[in-house]
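Colleague: I would like a close look at a single part of this protein, taken slowly and set in the context of the whole chain. Please begin with one residue and work outwards from there.

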Amino acid sequence: MGSQTIRQQARRAALDAQSRQRAERAARDRRVEDLALQVLVALHERDEATTDAEQRAGAALTQMIEREGLSAREAVQWCGRELTVRDVTRLRRLAAEPPADADAGRAPGRDEDGAGDEQ
């Protein structure tokens with residue numbers, strides 16, 4: 001074989017290897033992109049479920065306080081150690097808000113002022 005033929009074969013082999021690497025990277029990037037999408041969808045669903053659950057808890061607490069005449073502290077005593085007066089305030093405020101837009105992507109947060117509602 002001549003040296004030119006050897007160079008052409010080597011060049012072809014190198015180009016084939018580079019082409020395979022690019023294709024493998026592109027396939028991996030597509031897989032990672034799909035997985036990232038799954039993560040973000042799951043987190044959004046979690047946030048939505050959390051907001052819904054907290055709004056329902058807040059609505060029940062509002063009924064305990066407004067309809068049944070309990071104070072926030074008494075509602076906490078009925079619910080046990082799972083809840084604080086600060087949680088009661090936050091959950092009642094959340095229940096009073098209109099449902100969040102599904103595309104807002106906002107996770108429920110704590111009150112910044114930390115004030116308690118102790119009727």
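Modeller: In this predicted model, D47 has a relative accessible area of 13%, and because that value is under the 20% cut-off, D47 counts as buried. D47 lies in helix α1, and its side chain makes a polar contact, at 2.8 Å, with the side chain of R46.

The helix that holds D47 deserves a description of its own. Helix α1 runs from residue 3 to residue 67, which gives it 65 residues, and its span from first C-alpha to last is 94 Å, close to the 96 Å expected at 1.5 Å a residue. Besides D47, the buried residues of α1 are T51, E54, Q55, G58, L61, T62 and I65. An α-helix has 3.6 residues a turn, so residues three or four places apart point the same way. The buried residues of α1 pack against two other helices, namely α2 (72–79) and α3 (85–96). After α1 comes G69, a residue with a positive phi, near 80°.

As for the wider setting, the protein has three helices and zero strands, in the order α-α-α along the sequence. Of its 119 residues, 19% are buried, while the accessible surface comes to about 9200 Å², with 50% of that area belonging to carbon and sulfur atoms. Among contacts with a separation of 6 or more, 62% are between residues 24 or more positions apart.

Methods
Residues numbered from 1 in each chain as written. Predicted model: local features only at pLDDT ≥ 70, side-chain atom pairs only at ≥ 80, totals over all residues. Heavy atoms only, no water. Helix = DSSP H or I, 4+ residues; strand = E, 2+ residues; numbered from the N terminus. Buried < 20%, exposed > 50% of the residue type's maximum accessible area, 1.4 Å probe, protein only. Contact = heavy atoms within 4.5 Å. Areas by Shrake-Rupley, 256 points an atom, 1.4 Å probe, with all protein chains shown as cover. Expected span 1.5 Å × (residues − 1). Polar contact = N/O pair within 3.5 Å; in protein donor to acceptor, adjacent residues only side chain to side chain.
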